[in-house]
Amino acid sequence: IRALAPKIRGWANYFSLTTFSNELRTLDKHIRRRLRALILSQWRTAKRTRQAMRALGADERQIRFVTGYLGRWWRGSLKASNMVLTNAFFRQRGLPAMAP
């Protein structure tokens with residue numbers, strides 16, 4: 001996130017004067033989903049995924065859904081991890097939004 005934040009800020013500043021707000025939102029969603037998939041891949045095992053998601057405040061249904069997709073991180077990054085690894089989660093870690 002540290003390496004990505006300046007690039008996103010630069011892109012957002014450069015393209016803020018244009019009318020590409022929908023495209024910027026789509027790109028922003030894709031970047032955040034990719035980061036969610038990377039975080040899930042770093043957790044690797046079901047045990048570590050459960051521990052990390054419990055620490056972030058996930059309920060058991062969300063945890064079961066995400067651990068069911070271990071090894072398929074792109075698919076697992078879609079719904080339940082989106083509820084836990086929210087935009088606020090990334091904002092707290094310094095990732096800016098491309099579109100308002």
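A residue counts as exposed when its relative accessible area is over 50%, as buried when that area is under 20%, and as partly exposed in between. The views below show a predicted model.

**View 1. The whole chain is built from helices and has no strands.** The secondary structure comes to 7 helices and 0 strands. Read from the N terminus, the order of elements is α-α-α-α-α-α-α. A box of roughly 45 × 20 × 20 Å, taken along the principal axes, holds the C-alpha atoms of the chain. The chain has 100 residues, and 36% of them are buried. A search of the whole structure turns up 2 salt bridges. Views 4 and 5 take these up in turn.

**View 2. R44 sits in the loop between α2 and α3.** R44 is not a glycine, yet its phi is positive, at about 60 degrees. Is R44 buried or exposed? R44 is exposed, because its relative accessibility of 56% is over the 50% cut-off.

**View 3. Twelve residues are shown around the largest pocket, D28 and A99 among them.** The pocket holds about 220 Å³ of space. Rolling a probe the size of a water molecule over the atoms shows where such empty space is left. Its lining consists of D28, K29, R32, R33, R36, S77, L78, N82, N87, R91, A97 and A99. Which helices each supply at least two residues of this lining? They are α2, residues 21–43, and α7, residues 87–92. Helix α2 gives the most, with 5 residues. Sorted by class, the lining has 6 charged, 3 polar and 3 nonpolar residues.

**View 4. D28 and R32 form a salt bridge at the pocket lining.** Side chains of opposite charge can pair when their charged atoms come close. In the D28–R32 pair, the N to O distance is 3.5 Å. D28 and R32 are separated by about one helical turn, because they lie 4 residues apart in helix α2. Are D28 and R32 buried or exposed? Both D28 and R32 are buried. Each of them also belongs to the lining of the largest pocket.

**View 5. R54 and E60 form a salt bridge.** The side chains of R54 and E60 meet at 3.1 Å, N to O. How accessible is R54? R54 is partly exposed, because its relative accessible area is 44%. E60 is likewise partly exposed, at 39% relative accessibility. Both values fall between the 20% and 50% cut-offs. The D28–R32 pair of View 4, by contrast, is buried.

**View 6. R33 is a buried arginine without a salt bridge.** R33 is found in helix α2 and helps line the largest pocket. What is the nearest side chain of opposite charge to R33, and how far away is it? It is D28, at 14 Å. The side chain of R33 does make a polar contact with the side chain of S77, at 3.3 Å. S77 is another residue of the pocket lining.

**View 7. T49 is buried in helix α3.** The relative accessible area of T49 is 0%, so T49 counts as buried. Where does the side chain of T49 reach? It reaches the backbone oxygen of T45, at 2.8 Å. T49 and I63 are 14 residues apart along the chain. Their C-alpha atoms are separated by 7.7 Å.

**View 8. Q51 lies in helix α3, residues 46–55.** The helix also holds T49 of View 7. Q51 counts as partly exposed because its relative accessibility is 46%, whereas T49 is buried. What distance separates the C-alpha atoms of Q51 and T67? The distance is 11 Å, for residues 16 apart along the chain.

**View 9. R61 has its place in helix α4, residues 60–67.** R61 is exposed, because its relative accessible area is 53% and exposed means over 50%. How far apart are R61 and A97? They lie 29 Å apart in space, C-alpha to C-alpha, and 36 residues apart in sequence. A97 is one of the residues lining the largest pocket of View 3.

Technical notes:
Residues numbered from 1 in each chain as written. Predicted model: local features only at pLDDT ≥ 70, side-chain atom pairs only at ≥ 80, totals over all residues. Heavy atoms only, no water. 1 Å grid on protein atoms, 1.4 Å probe; cavity = no way out; pocket = protein on both sides within 12 Å on 5 of 7 lines; lining within 4 Å. Points joined across faces, edges and corners; volume = space filled by probe spheres on them. Nonpolar A, V, L, I, M, F, W, Y, C, P; charged D, E, K, R; others polar. Buried < 20%, exposed > 50% of the residue type's maximum accessible area, 1.4 Å probe, protein only. Lys, Arg positive; Asp, Glu negative; His and termini not counted. Salt bridge = Lys/Arg side-chain N within 4 Å of Asp/Glu carboxyl O. Polar contact = N/O pair within 3.5 Å; in protein donor to acceptor, adjacent residues only side chain to side chain.
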